Amino acid sequence: AKEKGRGKREFFTDEMNAFTLERLKLEGYLRKAVQKGELEPYFQPQYCLKTDKVIGFEALVRWNHPELGLISPMQFIPLAEEIGLIDEIGRFVLMESCKQLKRWHDGGAPHLSISVNVSGRQFQRLSFVYEVKEALETAGISAEYLHLELTESTMIQNVQYSISIMEELRELGVRLSIDDFGTGYSSLSYLKDFPVDSLKIDQSFIRHLSDDYFNTSDAAIIKAIIMMCEGLSLSTVAEGVETYEQMKLLREYGCHTAQGYIISKPMPACEAGEFLEKYMTS
Ligand code: C2E
Ligand code: CA
Ligand code: CA
Ligand code: CA
């Protein structure tokens with residue numbers, strides 16, 4: 001039994017070594033990727049269910065590796081957070097997104113907004129508000145068109161400090177949104193305390209939403225969230241909308257904005273521009 005136990009441990013150690021090696025490799029690649037400009041924001045349309053218009057895009061970063069291909073942010077954002085690269089990546093995505101938005105504004109869509117994801121570490125940095133100002137000024141866009149998406153875990157790391165930063169950002173005119181709402185610990189009292197403009201209903205609630213589906217609890221939760229937001233004067237965005245039926249139901253419930261594959265997957269900037277043009281002239 002002892003033999004077996006030791007063997008087990010050794011096996012485990014080997015696995016850990018392989019894991020560490022993979023990670024070290026990935027870490028090295030990621031550092032280079034940032035320097036070599038292999039990261040690129042993609043853009044996913046946000047569709048207003050009241051006016052049937054595209055009102056903005058969410059910027060979602062992609063890693064274009066020359067050999068490995070397109071790598072999902074789920075695979076490298078957590079690593080980037082751990083090793084401190086997220087500051088650089090976050091600044092880059094913010095700046096690029098604002099510059100891209102300026103091109104779309106100048107190209108005939110002057111009221112389009114851009115939503116940018118902010119990681120906890122990036123948000124807690126003392127220079128964050130300065131970085132936001134810098135991006136707005138460099139790109140030459142008005143603050144009201146920049147929406148920052150924060151998750152609860154980002155905001156609850158240091159509640160009082162987070163609230164003060166959020167207030168500073170709102171004073172600039174930037175809009176704030178709670179991302180992935182309903183996942184994690186979601187204390188409702190936060191909605192009262194955190195100065196935000198909108199709330200994104202997590203896609204896990206939208207996924208099973210349909211007319212003929214037996215499970216009605218997701219529909220009940222979505223309706224309750226939307227009603228509560230109405231009372232709090234918060235706008236609602238549903239993410240991960242994949243079917244017409246889901247879009248129809250969300251519209252019925254009074255949800256403001258939909259985002260998901262039914263409208264479009266995230267696209268590179270040029271494709272998003274074409275989408276916008278086709279959409280504006282049709
Ligand atoms: P998120 O902010 O919750 O973004 C939504 C994710 O859902 C995106 O995954 C998007 O491509 C995907 N999605 C959109 N519509 C649909 C749909 O209809 N069905 C399904 N199944 N999925 C849909 P993505 O692009 O892989 O990003 C994953 C996460 O990585 C994001 O989740 C966000 O937390 C993070 N992330 C992405 N870009 C950035 C960034 O620039 N900075 C930071 N800090 N995090 C980022
Ligand atoms: Ca987001
Ligand atoms: Ca989300
Ligand atoms: Ca998410």
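These exercises, each with a worked solution, explore a predicted model.

**Exercise 1. Find the protein donors of the calcium ion (ligand 2) and see how they are spaced in sequence.**

Solution.
- Step 1: list the donors. E58 (OE), N117 (OD1), E149 (OE) and D179 (OD) coordinate the calcium ion (ligand 2), at 2.1 to 2.3 Å.
- Step 2: write the spacing. The donor residues follow the pattern E-x58-N-x31-E-x29-D.
- Step 3: place two donors in the fold. N117 sits in strand β4 (residues 113-117) and E149 in strand β5 (residues 146-151). They are 32 residues apart, so this pair links distant parts of the chain.
- Step 4: check accessibility. The cut-off for buried is under 20% relative accessible area. E149 has 2%, so E149 is buried. N117 has 32% and therefore counts as partly exposed.

**Exercise 2. Repeat the analysis for the calcium ion (ligand 3).**

Solution.
- Step 1: list the donors. They are D179 (OD), D180 (OD), E239 (OE) and E239 (OE), lying 2.3 to 2.4 Å from the ion. E239 appears twice in this list.
- Step 2: write the spacing. In sequence the pattern is D-D-x58-E.
- Step 3: place the donors. D180 belongs to strand β6 (residues 175-181), and E239 to strand β8 (residues 235-239). The two are 59 residues apart and link distant parts of the chain.
- Step 4: check accessibility. E239 is at 7% relative accessibility and so counts as buried. D180 is at 27%, which means it counts as partly exposed.

**Exercise 3. Which residue bridges the calcium ion (ligand 3) and the calcium ion (ligand 2)? Which residue bridges the calcium ion (ligand 4) and the calcium ion (ligand 3)?**

Solution.
- Step 1: take ligands 2 and 3. D179 coordinates both calcium ions. These ions are 3.9 Å apart.
- Step 2: turn to ligand 4. This calcium ion is coordinated by D180 (OD) and D180 (OD), at 2.8 to 2.9 Å.
- Step 3: link ligand 4 to ligand 3. D180 bridges the two calcium ions, which lie 3.8 Å apart.
- Step 4: combine the steps. D179 joins ligands 2 and 3, and D180 joins ligands 3 and 4.

**Exercise 4. Describe the surroundings of ligand 1.**

Solution.
- Step 1: count the shell. 22 residues surround ligand 1. The closest are Q44, R62, Q203, E242 and Y261.
- Step 2: look at polar atoms. A side-chain N or O atom of Q44 is 3.0 Å from a nitrogen atom of ligand 1. For Q203, a side-chain N or O atom lies 2.8 Å from an oxygen atom of the ligand. E242 places a polar side-chain atom 2.5 Å from a ligand nitrogen atom.
- Step 3: ask how much is covered. On its own, ligand 1 has 800 Å² of accessible area, and the protein covers 84% of that.
- Step 4: trace the shell to the fold. β2 (53-65), α2 (73-82) and β6 each supply at least two residues. β2 gives the most, with four.
- Step 5: identify the space. Ligand 1 takes up the largest pocket.

**Exercise 5. Where is D87, and which side chain does it contact?**

Solution.
- Step 1: locate the residue. D87 is in helix α3 (residues 86-106).
- Step 2: judge its accessibility. D87 has 8% relative accessibility and therefore counts as buried.
- Step 3: find the partner. The side chains of D87 and R125 share a polar contact of 3.0 Å.

**Exercise 6. Examine the backbone of D52 and S233: is phi positive or negative?**

Solution.
- Step 1: recall the background. Most residues other than glycine have a negative phi.
- Step 2: read the angles. Phi of D52 is positive, near 55°. S233 also has a positive phi, about 55°, although S233 is not a glycine.
- Step 3: locate both. D52 is in the loop between β1 (39-48) and β2. S233 is in the loop between α10 (217-231) and β8.
- Step 4: check accessibility. The cut-off for exposed is over 50%. S233 is at 64%, so S233 counts as exposed. D52 is at 37%, so D52 counts as partly exposed.

**Exercise 7. Place H256 and give its separation from E81.**

Solution.
- Step 1: locate H256. It lies in the loop between α11 (244-253) and β9 (257-259).
- Step 2: judge its accessibility. At 23% relative accessibility, H256 counts as partly exposed.
- Step 3: give both separations. H256 and E81 are 175 residues apart in sequence. In space they are 32 Å apart, C-alpha to C-alpha.

How values were computed: Residues numbered from 1 in each chain as written. Chains lettered and ligands numbered in written order. Predicted model: local features only at pLDDT ≥ 70, side-chain atom pairs only at ≥ 80, totals over all residues. Heavy atoms only, no water. Donors = N, O, S within 2.8 Å, 3.2 Å for Na, K, Ca; no water. Buried < 20%, exposed > 50% of the residue type's maximum accessible area, 1.4 Å probe, protein only. Near = heavy atom within 4 Å. Polar contact = N/O pair within 3.5 Å; in protein donor to acceptor, adjacent residues only side chain to side chain. Areas by Shrake-Rupley, 256 points an atom, 1.4 Å probe, with all protein chains shown as cover. 1 Å grid on protein atoms, 1.4 Å probe; cavity = no way out; pocket = protein on both sides within 12 Å on 5 of 7 lines; lining within 4 Å. Sits in = over half its atoms within 2 Å of the grid points.
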